[in-house]
Amino acid sequence: MFKHKTKLRNLFQPGTGVEPPYLAGRFEEQAFFNDQVEKLVGRQKIGSDMIVYGPRGNGKTAMLRYLQKKTDDRLETLWVTPSEFEDMGELIELIVGNDTSLLKKAQEILRPLFDNLSALANIGVAHVKTALSRPRETLALKALLREKCKKKPFILIMDEAHTLNPDIGKALLNASQDIRGEDLPLFLVLAGTPNLETTLNQASATFWDESSVFPLGRLSETDAQQAILIPLKSCQVTSADGVVEQVACRADNYPYFIQIWGDRIAKRLAVSGSRELTMEILLETEHSAIAKCSTVYQQRYNEINRMGLVALATDIAKTFHESANQYIPVQKLEMLVGLSLQEQGVSVSHEIVQENIQKLSHIGYIWEIAVSGEAGGEGPLLCYEPGIPSLMKFARRQQLP
């Protein structure tokens with residue numbers, strides 16, 4: 001009994017980048033990653049980089065941590081974020097790491113790339129990074145990655161890649177393309193918020209969209225329910241009919257909210273000693289869970305306010321409310337945004353409309369999806385849905401008289 005209570009208390013751990021007890025709904029991403037790992041182990045050709053993006057709270061970092069655990073000592077994996085390096089030289093230093101033989105190789109590679117050899121007096125890569133010009137940085141990066149991959153298959157995972165310097169992003173993508181073209185075992189994974197698209201476009205690496213791109217939005221109803229049910233089952237907890245569905249609904253199928261609700265429920269079960277999730281347990285945890293979720297509403301709403309988009313966000317929220325939070329075709333949303341901006345006295349152009357849509361997409365207020373075509377051979381239809389429906393409800397409530 002004590003063992004189960006302890007496990008329940010620590011079962012869900014809502015927080016930035018914390019791996020959930022069960023990674024639900026990311027099966028396509030898992031399958032692709034695992035397939036690339038097997039190719040790396042067999043030193044087979046890796047066809048593309050992996051690009052993962054989505055609004056905050058949809059589990060990008062948690063998924064990457066889960067995937068990272070799927071590797072083994074047959075591979076070398078390096079996890080970095082742009083905050084760990086200011087320039088290419090520091091990224092090179094991270095790639096070299098504690099590998100003495102690679103450091104010596106790096107010295108051989110870097111030495112002829114310097115105009116002023118006296119810069120190598122202190123041979124550590126960090127001491128000479130400022131002497132590298134951008135073209136030479138790219139050559140050095142390629143050469144080092146090439147040598148590293150010859151020694152061992154290498155996976156470079158970069159989280160928060162939307163904050164990456166575009167020049168470094170361009171060099172990194174170009175290096176990956178060239179090295180993979182030489183059939184060397186390199187796998188590059190970039191993950192970030194929807195701003196990652198903008199960063200990669202600014203990098204002028206026009207081929208980046210030929211990578212395997214995985215946009216992460218909210219979970220399906222079934223996957224959201226499994227994200228609650230499967231961890232509870234591991235603690236011998238059953239669920240009364242319809243209760244898990246209610247939890248997923250209250251959490252908006254939003255991964256971070258699911259972890260919040262799961263945490264409150266599991267802790268309540270541990271205190272009560274119950275082994276069944278009932279509607280009574282759900283109602284007992286509701287206030288605490290909603291209070292915690294409300295901090296997200298406040299943060300996002302304040303962000304919208306700082307961008308001067310409250311009126312537009314409210315108009316969009318009203319439209320989604322009228323359509324019961326169903327998706328809205330792109331053209332309809334563009335018309336809505338244009339009319340809303342006109343009412344605010346803004347001089348409207350196509351560029352202005354797109355800019356405002358992009359801003360709301362980047363913070364996860366709205367989310368672009370492709371809706372399958374109806375029978376008859378029609379192709380998919382680009383649409384938008386609420387990033388978090390309850391956030392839109394929160395936005396509407398702020399404007400009530």
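Student: What volume does the largest cavity have?
Tutor: The largest cavity has a volume of about 30 Å³. Keep in mind that this is a predicted model.

Student: How many cavities of 30 Å³ or more are there?
Tutor: The count comes to one.

Student: Which residues line the largest cavity?
Tutor: The lining is made of L145, L156, L172, A175, S176, L186 and L188. Helix 8 (166-181) and strand 4 (186-192) are the elements that give two or more residues to it. Helix 8 has the largest share, with three residues.

Student: And by class, how does that lining divide?
Tutor: Six residues are nonpolar, one is polar and none is charged.

Student: OK, pockets now. What is the volume of the largest pocket?
Tutor: The largest pocket comes to about 1,400 Å³. It is lined by 48 residues.

Student: Which of them are closest to the centre?
Tutor: R218, W367, E385, P386 and P389 are the closest to the centre of the largest pocket. As for class, the whole lining divides into 23 nonpolar, 13 polar and twelve charged residues.

Student: W367 and E385 both turn up there. Where does W367 stand in the strand pairing?
Tutor: W367 stands opposite E385 in strand 10. Strand 9 and strand 10 (residues 381-386) run antiparallel, joined by six bridges.

Student: What sheet are those strands in, and in which order?
Tutor: They belong to an open sheet of three strands, with the order 8-10-9. The pairing is antiparallel.

Student: Why is one side of strand 8 and of strand 9 left without a neighbour in the sheet?
Tutor: Strand 8 (328-329) and strand 9 (366-371) stand at the edges. Each has a single partner strand, so one side of each is left without a neighbour in the sheet.

Student: Back to pockets. What about the second largest one?
Tutor: The second largest pocket has a volume of about 720 Å³. Its lining holds 34 residues, and G15, R56, G57, N58 and Y256 lie nearest its centre.

Student: Which helices supply at least two residues of that lining?
Tutor: Helix 3 (60-68), helix 12 (255-272) and helix 13 (279-306) each do. Helix 13 has the largest share, six residues.

Student: How does the lining of the second largest pocket split by class?
Tutor: There are 14 nonpolar, 13 polar and seven charged residues.

Student: New topic: the five-stranded sheet. What is the strand order, and is the pairing parallel or antiparallel?
Tutor: The order is 2-3-4-1-5, and the pairing is parallel. This sheet is open too.

Student: Which are the edge strands?
Tutor: Strand 2 (76-80) and strand 5 (212-215) are the edge strands, and each pairs on one side only. From one strand to the next, the twist averages 15°.

Student: How many bridges join strand 1 to strand 5?
Tutor: Four bridges join strand 1 (residues 50-53) to strand 5, and the two run parallel. In that pairing, I51 stands opposite V213 in strand 5.

Student: Which strands does helix 9 lie across?
Tutor: Helix 9 (residues 195-202) lies across strand 1 and strand 4. Its direction is at about 135° to strand 1. Strand 4 is also one of the elements giving two or more residues to the lining of the largest cavity.

Student: Last one, helix packing. How do helix 10 and helix 11 cross?
Tutor: The axes of helix 10 (residues 221-233) and helix 11 (residues 243-250) come within 9 Å. They cross at roughly 120°. The crossing is right-handed.

Student: Which residues make the contact?
Tutor: Helix 10 uses A224, Q225, I228 and L229. Helix 11 uses V244, E245, V247 and A248. By class, the contact residues divide into six nonpolar, one polar and one charged.

Key:
Residues are numbered from 1 along each chain as its sequence is written. This is a predicted model: local features need pLDDT of at least 70, side-chain atom pairs count only at pLDDT 80 or more; totals for chains, interfaces and linings use all residues. Side-chain values use heavy atoms; hydrogens and water are left out. Axes are lines fitted to C-alpha atoms, for helices over the stretch in contact, and angles run from 0 to 180 degrees between N-to-C directions. A crossing is left-handed if the near helix is turned anticlockwise from the far one by less than a right angle, and right-handed if clockwise. Contact means heavy atoms within 4.5 Å. Ala, Val, Leu, Ile, Met, Phe, Trp, Tyr, Cys and Pro count as nonpolar, Asp, Glu, Lys and Arg as charged, and the others, Gly among them, as polar. Two strands pair if DSSP finds at least two bridges between them. On a 1 Å grid over the protein atoms alone, a cavity is a set of points where a 1.4 Å probe fits but cannot get out, and a pocket is an open set with protein on both sides within 12 Å along at least five of seven lines; lining residues have an atom within 4 Å of a point. Grid points are joined across faces, edges and corners, and a volume is the space filled by probe spheres set on the points.
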